[in-house]
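Dear colleague,

I am passing on the structure below, and after it I have written out what was found, so that you can check each point against the coordinates as you read.

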Amino acid sequence: MQINLPSCEIKLRERNGRREIFDFLRRRYVALTPEEWVRQHFTHFLVEHKGYPKGLLANEMELRVGEKRMRCDTVLYSPSLQPRMIIEYKAPDVVITQRVFDQITVYNMLLHADYLIVSNGMQHYCLCMDYANHSYEFLNDIPAYTTLNVEH
């Protein structure tokens, strides 16, 4: 599957007739789907090329609102374990539309993160939230971890 991310070491296996990919953050094999292919490459990119600490990233984080359950694809936490970035992945053939941004915005209503990223492996969008001015800014690139204000 062709994507617009650096190559990385990916572990694949076949089990019970189904292909699986190793999630190095969850430390286990998961079903290989096009979205999971993007997630694994993107999280490797963050750790290996942008300096994000592996121990502060978490995949498939469950959120609950009453009886409703949702899952954030990836969350970056601050060292004090406050959510600072939410990342939403789509398969490479899924066009990123306003609906995808609406989905991540719902998650952010609960987590109040500083950064939101949406990626289908081909296109990557990063927003920096400005809660004081009730606005956001699209960034030109995915920021390096050292440039984030994630300490609070």
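I would begin with Thr43, which is buried, with a relative accessible area of 0%. Please keep in mind throughout that this is a predicted model. Thr43 is found in helix H1, and, leaving aside residues up to four places away in sequence, Thr43 touches Phe24, Leu25, Asn59, Thr74 and Tyr89. The helix that carries this residue, H1 (residues 34–50), lies across strands E1, E2 and E3, and runs at about 20° to E2.

That brings me to the sheet formed by those strands. Three strands make up an open sheet in the order E1-E2-E3, with antiparallel pairing. Strand E1 (12–15) and strand E3 (28–31) stand at the edges, each with a single partner strand, so one side of each is left without a neighbour in the sheet. On average, and with direction ignored, neighbouring strands of this sheet are turned by 45° against each other.

Taking the pairs in turn, E1 and E2 run antiparallel and are joined by 4 bridges, and Arg13 stands opposite Glu20 in E2. These two strands form a hairpin with 2 residues between them, and in the turn Asn16 has a positive phi of about 50°. Strand E2 (residues 18–23) also pairs with E3, in the antiparallel sense and over 4 bridges; here the bridge partner of Ile21 in E3 is Val30, while that of Glu20 in E3 is Ala31. Glu20 therefore appears in both pairings, standing opposite Arg13 and having Ala31 in E3 as a bridge partner. In the hairpin of E2 and E3, which has 4 residues between the strands, Arg27 takes a positive phi near 55°.The next group of strands is E4, E5 and E6. Strand E4 (residues 57–65) pairs with E5 in the antiparallel sense over 8 bridges, and the bridge partner of Met61 in E5 is Cys72. The two form a hairpin with 2 residues between them, in whose turn Gly66 has a positive phi of about 60°. Of the 10 residues of strand E5 (residues 68–77), 7 are buried, so this strand is largely enclosed by the rest of the structure. On to the following pair: E5 is joined by 4 bridges to strand E6 (residues 83–89), and the two run antiparallel, with Ile86 in E6 as the bridge partner of Val75. The hairpin of E5 and E6 has 5 residues between the strands, and within this hairpin Leu81 takes a positive phi near 65°.

Which residues does Ile87 touch, not counting those up to four places away in sequence? Ile87 is found in strand E6 and is buried, with a relative accessible area of 0%; on that count, Ile87 touches Phe42, Leu46, Asp73, Thr74, Ile104 and Ile117. Thr74 is thus listed among the contacts of Ile87 and also among those of Thr43. Ile87 and Ile104 are 17 residues apart in sequence, and their C-alpha atoms are 7.8 Å apart in space.

Further along the chain come two more hairpins. Strand E7 (residues 115–119) and E8 pair in the antiparallel sense over 5 bridges, and Ser119 stands opposite His124 in E8. Between E7 and E8 the hairpin has 4 residues, and Gly121 in the turn has a positive phi of about 85°. E8 pairs with E9 as well, in the antiparallel sense over 5 bridges, and Asp130 stands opposite Ser135 in E9. The hairpin of E8 and E9 has 4 residues between the strands, and His134 in the turn has a positive phi of about 50°.

Finally, there is the largest pocket, which has a volume of about 220 Å³. Its lining consists of 13 residues, of which Phe101, Thr105, Leu116, Leu127 and Tyr136 lie nearest the centre. Helix H2 (98–111), strand E8 (124–130) and strand E9 (135–139) are the elements that give two or more residues to this lining, and H2 gives the most, with 7 residues. By class, the lining has 9 nonpolar, 3 polar and 1 charged residues.

With best wishes

Conventions:
Residues numbered from 1 in each chain as written. Predicted model: local features only at pLDDT ≥ 70, side-chain atom pairs only at ≥ 80, totals over all residues. Heavy atoms only, no water. 1 Å grid on protein atoms, 1.4 Å probe; cavity = no way out; pocket = protein on both sides within 12 Å on 5 of 7 lines; lining within 4 Å. Points joined across faces, edges and corners; volume = space filled by probe spheres on them. Nonpolar A, V, L, I, M, F, W, Y, C, P; charged D, E, K, R; others polar. Pairing = 2+ DSSP bridges. Axes fitted to C-alpha atoms, helices over the stretch in contact; angles between N-to-C directions. Contact = heavy atoms within 4.5 Å. Buried < 20%, exposed > 50% of the residue type's maximum accessible area, 1.4 Å probe, protein only.
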